[in-house]
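Work through the exercises below with the structure in view. Try each task before reading its solution.

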Amino acid sequence: MSDADRTRGPIRPIRGGKDDPPPPEGPVRRLASILAADISGYSRLMQLDEEGTHARVTRQRRELIEPNLAEHYGKLITYTGDGFLAMFESPVEAVRCAIVIQQSMVGRNASLPRDQWILYRIGIHLGDVVVGPSDVYGDGLNIAVRLEGIASPGDVYVSGGVYEEIKNKLVCAYQSLGDRQVKNITDPVSVYRVLPDPAALSQAKRKRWPVALIAVFIVIDIAILGGLYFFLQNQLANKAPTLAGTPGSPAVSANTPEPLPATVPVPVEKPNGSSSVSAPAQAPKESTKESTSSAPATAPISALESTKESTSPTPVTAPISAQLQLIHEMVSIPGGTFAMGSDDDPSEKPIHQVTIKSFAISKFPITIREWNACVAAKSCSYTPTGEDDAPVGNLSWTDTQQFVEWLSNVTQKPFRLPTEAEWEYAAHGGSRSKFWWGDQLQAAMANCKGCNEPYQTSQPLKVGSFKPNPFGLYDMGGNIHQWVADCWHKNYQGAPPDGSAWIENDCLSRVIRSGSWKNDPSYVRPSNRDHYDATVGYPTHGLRVAYSL
């Protein structure tokens, strides 16, 4: 369930005057968020493959554009040859829709040569428009079209009005592009580039540094050349007395230092309890030989202290350590029957009985350390950043499938995502209250917006920062959204009663549970459910793994 579902109320006509006349017929003015999009280089694509390009664009409209407009409460105004215009009640939903479209196109283009990529440019403006029976027009629409015209391929540009409405409501970064003068609009328009991944802001800023970097490189080169010059001068000065000696005899100057005695190598002690010591014993012999040849077993006494801290596990041992740790942190959940759903939201109805078989689920959401073990094994393509003990985020449902497949292969256990029913059953921890701890919100029980003070807005807390539920599971509500196996259905009509995953063909949207640090307390409820495009990552989306017993 989206934020818009919780805040949207009925729209009623506003009338004035004593006689309360009826609203005028015909076109009316209203405030709306207009999204304008077109395909960059469409003419070139048509020249390369006219029929293929037309078929791909038609399929994208049917499978991507129209479903996402409906999903985010948008209204299609018209298709414009290689693009489209849409109108939204909320600028937040307009930007969300644009982000989903752009990130979905990344996945669709991944298997194609770069010259065949379809890249949308999108502009969004919040302004006054005139809405007719079959058309929308006015400066509000014109500015959106102008923003789309100056946007880079694959980017979303928004006006200052949209930015003011969304800046604290979406987990995004924004790059100010300043005021731009656009065609046929009198006043300059403030323009912002939307960066769905907040880390992209620092990358965007780096593009402004080429002059500074060149200057730094020049200074470094001068310093190196200067150091080399003085080094050579000293070498020549030391060799001068030797050249003056008797020819053919090895002359020794009084200033020549005596050779130092050879340093006696001392074996490096292995730290007690270190995983980097025990893990190589499980690795194949060839890997052990390679690691010992790259890091000698002895070191000078003077270098011993520095090598102790700088020594790091080899790429072979890191994944093994993370795998074993994860296996030991699985919690067995006994089977049982419970009432799934609630009356708090239409998507959680009807309440129905579900029988769950026993299964195991990870005690914590998957952390960045555990995910990076999959990256090190070259089985997960997405590389996250952050603290090792923080939950991994910015994942699509498709990303999670790479992780569970890798984990299943290396552990020989049938890991998978939990089903939606399993997740809710485990989150309740045997209770039937609104939250697992009771019917009232309590401080220091979950990480969400409004759950605690002070509130960390920029990132989730490390896993296990709050109390576990009665099943011994941490973060089963708040901190990080968690993907589950099921396809999204708008309610529980027809849901399976045996706790299995509710899956259909052509499943574009998957269920996410738990809520995140960015959501309000209503998302922390075990019965709360939400969904997102299966192929699109988002900073608040992570995972938890399970397997059947």
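What volume does the largest cavity have? Start with the ground rules. This is a predicted model, where local features need pLDDT of at least 70, side-chain atom pairs count only at pLDDT 80 or more, and totals for chains, interfaces and linings use all residues. Residues are numbered from 1 along each chain as its sequence is written, and side-chain values use heavy atoms, with hydrogens and water left out.

**Exercise 1. Size up the largest cavity and list its lining.**

Step 1. Fix the term. A cavity is a set of points, on a 1 Å grid over the protein atoms alone, where a 1.4 Å probe fits but cannot get out; lining residues have an atom within 4 Å of a point. A volume is the space filled by probe spheres set on the points, which are joined across faces, edges and corners.

Step 2. Search the whole structure. Three cavities of 30 Å³ or more turn up. The largest has a volume of about 70 Å³.

Step 3. Read the lining. It consists of Met 340, His 352, Val 354, Glu 420, Ala 421, Asp 486, Tyr 492, Ala 495, Pro 496, Ser 500 and Trp 502.

Step 4. Sort by class. Ala, Val, Leu, Ile, Met, Phe, Trp, Tyr, Cys and Pro count as nonpolar, Asp, Glu, Lys and Arg as charged, and the others, Gly among them, as polar. The lining has seven nonpolar, two polar and two charged residues.

**Exercise 2. Examine helix H15, which helps line that cavity.**

Step 1. Place the elements. Helices (H or I, at least four residues) and strands (E, at least two) are DSSP runs, numbered from the N terminus. E13 and H15 each supply at least two residues of the largest cavity's lining.

Step 2. Check cover. Buried means under 20% relative accessible area, with a 1.4 Å probe and protein chains only. In H15, residues 420–428, nine of nine residues are buried.

Step 3. Find the partners. The buried residues of H15 pack against six strands' worth of listed ranges, including E11 (330–333), E13 (352–356) and E16 (509–513).

Step 4. Look past the end. Gly 429 follows H15 and has a positive phi, near 65 degrees.

**Exercise 3. Describe the second largest cavity.**

Step 1. Take its volume. About 50 Å³ of space lies there.

Step 2. Pick out lining residues. Among them are Trp 436, Phe 466, Lys 467 and Asp 475.

Step 3. Count classes. Five are nonpolar, two polar and two charged.

Definitions and conventions. Buried means under 20% relative accessible area, exposed over 50%, partly exposed in between (1.4 Å probe, protein chains only). Contact means heavy atoms within 4.5 Å. On a 1 Å grid over the protein atoms alone, a cavity is a set of points where a 1.4 Å probe fits but cannot get out, and a pocket is an open set with protein on both sides within 12 Å along at least five of seven lines; lining residues have an atom within 4 Å of a point.
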